[in-house]
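Got your viewer open? Load the model, show it as a cartoon, and keep the selection box handy.

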Amino acid sequence: MNDIFKNDAFKDIDPTFLKKVEDTIASTQGKSDLEVIGTLMALSNEANERGIQMTNEQQKILIQHLRNSLPMEKRQKFDFIISMMSN
């Protein structure tokens, strides 16, 4: 499992869900920014359906990890989209 999920922030989350998150993040390679955002939203919806409440810290860690997995030229647009969603 990815090192980010070894962070204490994720210790109380279902490991099968974390594995799904990890696989989903890996599947975003080569996708457009909007597809990546859509993937994040789908994961968020699934977490809600499973009764998994992600803390702000967990969300920030996942978003940062996802951002870092993007090519440099896509990060600025990703940051812009994330900032628009948080307003």
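What follows is a walk from helix to helix, with a few side chains to pick out on the way.

Two notes before we start. This is a predicted model, in which local features need pLDDT of at least 70 and side-chain atom pairs count only at pLDDT 80 or more, while totals for chains, interfaces and linings use all residues. Residues are numbered from 1 along each chain as its sequence is written, and side-chain values use heavy atoms, with hydrogens and water left out.

**Stop one: the core**

Select F5, F10, V21, L62 and F78. Within the largest nonpolar core, which has 22 residues, these five touch the most other members. A nonpolar core here is a set of buried Ala, Val, Leu, Ile, Met, Phe, Trp, Tyr and Cys residues joined through side-chain atoms within 4.5 Å. Buried means under 20% relative accessible area, exposed means over 50%, and partly exposed is in between, using a 1.4 Å probe and protein chains only.

Now colour the elements that give two or more residues to this core: α1 (15–26), α2, α3 (56–69) and α4. Helices are DSSP runs of H or I with at least four residues, strands are E runs of at least two, and both are numbered from the N terminus. Which element gives the most to this core? That is α2, with five residues.

Stay with F5 for a moment. Setting aside neighbours within four places in sequence, F5 is in contact with F10, L18, V21, E22 and L62. Contact means heavy atoms within 4.5 Å.

**Stop two: α1 against α2**

Show just these two helices. The axes of α1 and α2 come within 11 Å and cross at roughly 170°. Axes are lines fitted to C-alpha atoms, for helices over the stretch in contact, and angles run from 0 to 180 degrees between N-to-C directions. The pair is therefore roughly antiparallel; the labels are roughly parallel under 35 degrees, roughly antiparallel over 145, roughly perpendicular from 65 to 115, and oblique for the rest.

To see where they meet, select F17, K20, V21 and T24 on α1, then T39, L43, E46 and A47 on α2. By class, this contact has four nonpolar, two polar and two charged residues. Ala, Val, Leu, Ile, Met, Phe, Trp, Tyr, Cys and Pro count as nonpolar, Asp, Glu, Lys and Arg as charged, and the others, Gly among them, as polar.

Zoom in on L43. Is L43 buried or exposed? It counts as buried, at 10% relative accessibility. Beyond its neighbours within four places in sequence, L43 is in contact with F17, V21 and T24. Next, click E46, also in helix α2. E46 is buried too, with a relative accessible area of 17%, and, with the same neighbours left out, is in contact with F17 and K20.

**Stop three: α2 against α4**

Bring in α4. Helix α2 (residues 33–49) and helix α4 (residues 72–85) have axes that come within 10 Å and cross at roughly 45°. That makes α2 oblique to α4. Their crossing is right-handed, meaning the near helix is turned clockwise from the far one by less than a right angle (anticlockwise would be left-handed).

Light up D33, L34, V36, I37, L40 and M41 in α2, which meet K74, K77, F78, I81, I82 and M85 in α4. These contact residues divide into nine nonpolar, no polar and three charged.

Now pick L40 alone. Not counting residues up to four places away in sequence, L40 touches I63, L66, F78 and I82.

**Stop four: α3 against α4**

Swap α2 for α3. The axes of α3 and α4 are 9 Å apart, and the helices pack at an angle of about 155°. That makes α3 roughly antiparallel to α4. Here, too, the crossing is right-handed. Select I63, L66, R67 and N68 in α3, which meet R75, F78, D79 and I82 in α4.

**Last stops: Q58 and G51**

Find Q58 in helix α3. Q58 is buried, with a relative accessible area of 4%. Residues up to four places away in sequence aside, Q58 touches A9, F10, I13 and Q53. Try a distance label to F5: the two C-alpha atoms are separated by 9.4 Å, although the residues are 53 apart along the chain.

Finish on G51, in the loop between α2 and α3. At 52% relative accessibility, G51 counts as exposed. A distance label from G51 to R75, 24 residues apart along the chain, should show C-alpha atoms separated by 31 Å.
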